[in-house]
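Please walk me through this structure, starting with its enclosed space and moving on to its helix packing.

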Amino acid sequence: MGGTLRLGISSNPDCVDPQQWGTNASLNVSRQLVDSLTDQDPADGAIKPWLAERWEVNADSTAFTFHLRDGATFSDGTPVDAAAVKASFDGARALGPKAALVAGYLAAYRGSTVVDPRTVRIDFTAPSAQFLQASSTMTLGVLAPAAYNKTPEQRCQGDGLIGSGPFVFESYKQNQQVVLVKRKGYNWGSPLWKHTGEAYLDRVEYRIVPEPGVRSGSLASGQLDAITDVQPVDEPQFAGNGFTEPVRPNPGIVFNLTANTTRGVLTDPKVRQAVAKGVNRQEVVDTVLTKNYKAATSVLGSATPLHTDLAGLLAYDPAGAGALLDAAGWRPGPDGIRVKDGQRLSAAVVFSAVFNQNQSALELIQQQLRKIGFDLRIELKTTAESTQIQLSGEYDFIWFNVTRADPDILRQTYSTKAGNRSKLTAGNPLDAALEKQAATTDRAVREPAAAEAQRIIVEQGYSIPVFELTQVWGLGPKAHALEFEASSRLRLYDAWVAE
């Protein structure tokens with residue numbers, strides 16, 4: 001086993017430093033370069049040892065003590081010890097605005113303490129149960145102390161990006177390709193992996209091919225061994241004929257319409273609830289997507305630990321939507337859109353084309369909502385514009401998804417102390433549920449709190465969940481064992497290419 005994997009990816013990984021960048025393109029590269037303190041089982045969300053053999057968490061989830069395994073080294077030969085872990089976490093936190101995901105994972109970071117060479121304690125100023133899962137992510141993958149001798153901009157381009165992972169960085173040509181090579185002597189992988197010792201592949205070439213048709217054509221013709229981001233229209237050609245299509249839904253927040261509860265008609269919970277009943281999720285999946293995608297059953301995707309199935313609350317019910325709007329005083333107008341006191345039942349949704357099918361999905365939702373007398377106006381923006389609008393709060397609905405294999409993503413997004421995307425007032429019942437799930441790693445306490453948070457978000461129409469983003473890859477006849485880790489991103493340690 002060995003060889004070179006030629007992997008087509010859909011966008012340029014603008015930065016290959018996992019601590020700085022959170023796109024799939026970037027993290028699918030950086031996961032191979034860095035190890036994490038822990039790993040997360042994709043099957044059940046359980047946290048497993050990796051660089052840390054074991055750990056303890058104090059009663060209020062403000063202190064996490066990790067006992068490191070012996071023998072792991074960075075690619076520059078230095079040991080993965082407690083001092084290195086402290087340097088890495090301190091360095092990640094110091095990135096500030098350059099590191100959006102780190103900012104969430106380490107929001108209440110007080111600091112790290114070297115207890116002894118193989119023991120490090122990581123302290124927080126507030127309960128941070130989510131940190132245990134965060135410690136398994138590539139975003140908090142451990143970099144060597146020497147990495148911080150380089151600037152963040154240099155690390156983005158791979159210069160000084162020194163990890164302890166099964167592959168090492170070789171080269172990066174912007175908008176063309178990233179090349180990784182096998183780390184010689186690697187022997188401290190996660191117990192979730194299929195073999196031990198060095199990775200099988202000698203070399204990985206990430207070829208950047210933004211055009212979906214070209215990417216699919218290159219796989220079909222054998223110019224590429226595998227591709228990510230197979231589009232729904234291209235899926236049939238890779239079902240059989242020696243090709244395979246690994247598929248996994250993303251954990252985290254599903255694609256949804258999140259309402260600004262302080263704006264226009266969306267201040268009325270009956271209107272938000274009517275919109276939820278007026279969306280036919282299965283029709284969106286069947287019409288715009290494929291059988292590889294799932295209609296949302298909660299604001300969290302089904303692959304998220306502590307997901308609660310709320311499908312009953314999300315059933316398509318146009319008659320129920322009409323009854324709610326009637327009760328709220330909205331009457332059909334001359335063009336079918338309801339009116340009340342001279343105001344049309346209308347709101348805009350801001351979105352960007354980060355997922356190829358976003359516009360088609362929203363156009364179908366727009367048609368569905370017209371049937372209940374609601375006018376959804378669709379506003380396409382660049383990703384940068386969407387981010388700015390989201391930060392400013394100048395929106396009615398925003399359409400987005402967020403990947404994370406932990407329910408705390410709800411606190412980061414909807415708590416009045418964090419993202420507060422629905423513009424709620426402090427001290428509301430949702431805040432209480434979100435804080436309760438953040439306060440303990442004890443599943444018996446955390447699970448009902450996470451379930452309550454999901455229920456409140458759905459029942460109050462703070463979010464109108466629609467469908468789960470799914471990763472669909474295409475593998476040619478020679479590519480084997482490309483696997484999903486818990487956040488549905490790429491893991492290449494067990495992969496191999498047939499000669």
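Arg-31, Gln-32, Val-34, Trp-50, Pro-166, Trp-193, Arg-491 and Tyr-493 form the lining of the largest cavity in this predicted model. The space inside this cavity is about 40 Å³. By class, its lining has five nonpolar residues, one polar and two charged. A search of the whole structure turns up one cavity of 30 Å³ or more. Rolling a probe the size of a water molecule over the atoms is what reveals such empty space.

Now turn to the open spaces. The second largest pocket holds about 280 Å³. Its lining comprises 16 residues, and those closest to the pocket centre are Gly-45, Ile-47, Asp-406, Thr-441 and Arg-446. Two elements give two or more residues each to this lining: helix H4 (131-134) and helix H14 (443-459). Sorted by class, the pocket lining has eight nonpolar, four polar and four charged residues.

Helix H14 also leads into the helix packing. It packs with helix H13 (residues 429-438) at an angle of about 150°, and the two axes lie 8 Å apart. Angles over 145 degrees count as roughly antiparallel, so H13 and H14 are roughly antiparallel to each other. Their crossing is left-handed. On the H13 side, the contact uses Pro-429, Leu-430, Ala-433, Leu-434, Lys-436 and Gln-437. H14 answers with Val-445, Arg-446, Ala-449, Ala-450, Glu-452, Ala-453, Ile-456 and Ile-457. This contact of H13 with H14 has 10 nonpolar residues, one polar and three charged. Arg-446 appears twice in this account: it is among the residues closest to the centre of the second largest pocket, and it takes part in the H13 contact.

Next, look at helix H7 (residues 269-278) and helix H9 (residues 318-327). Their axes come within 8 Å and cross at roughly 165°. H7 and H9 are therefore roughly antiparallel to each other. The crossing of H7 and H9 is left-handed. From H7, the residues in contact are Lys-270, Val-271, Gln-273, Ala-274, Lys-277 and Gly-278. From H9, they are Pro-318, Gly-320, Ala-321, Leu-324, Leu-325 and Ala-327. By class, the contact of H7 with H9 has seven nonpolar, three polar and two charged residues.

One more helix pair remains. The axes of helix H8 (residues 281-288) and helix H10 (residues 358-370) come within 10 Å, crossing at roughly 135°. How are H8 and H10 oriented to each other? They are oblique, because an angle of roughly 135° falls outside the ranges for roughly parallel, roughly perpendicular and roughly antiparallel. The crossing of H8 and H10 is right-handed. Glu-283, Val-284, Thr-287 and Val-288 of H8 meet Ser-360, Ala-361, Leu-364, Ile-365 and Gln-368 of H10. Five nonpolar residues, three polar and one charged make up this contact.

Conventions: Residues are numbered from 1 along each chain as its sequence is written. This is a predicted model: local features need pLDDT of at least 70, side-chain atom pairs count only at pLDDT 80 or more; totals for chains, interfaces and linings use all residues. Side-chain values use heavy atoms; hydrogens and water are left out. Axes are lines fitted to C-alpha atoms, for helices over the stretch in contact, and angles run from 0 to 180 degrees between N-to-C directions. Helices (H or I, at least four residues) and strands (E, at least two) are DSSP runs, numbered from the N terminus. Angles under 35 degrees count as roughly parallel, over 145 as roughly antiparallel, 65 to 115 as roughly perpendicular and the rest as oblique. A crossing is left-handed if the near helix is turned anticlockwise from the far one by less than a right angle, and right-handed if clockwise. Contact means heavy atoms within 4.5 Å. Ala, Val, Leu, Ile, Met, Phe, Trp, Tyr, Cys and Pro count as nonpolar, Asp, Glu, Lys and Arg as charged, and the others, Gly among them, as polar. On a 1 Å grid over the protein atoms alone, a cavity is a set of points where a 1.4 Å probe fits but cannot get out, and a pocket is an open set with protein on both sides within 12 Å along at least five of seven lines; lining residues have an atom within 4 Å of a point. Grid points are joined across faces, edges and corners, and a volume is the space filled by probe spheres set on the points.
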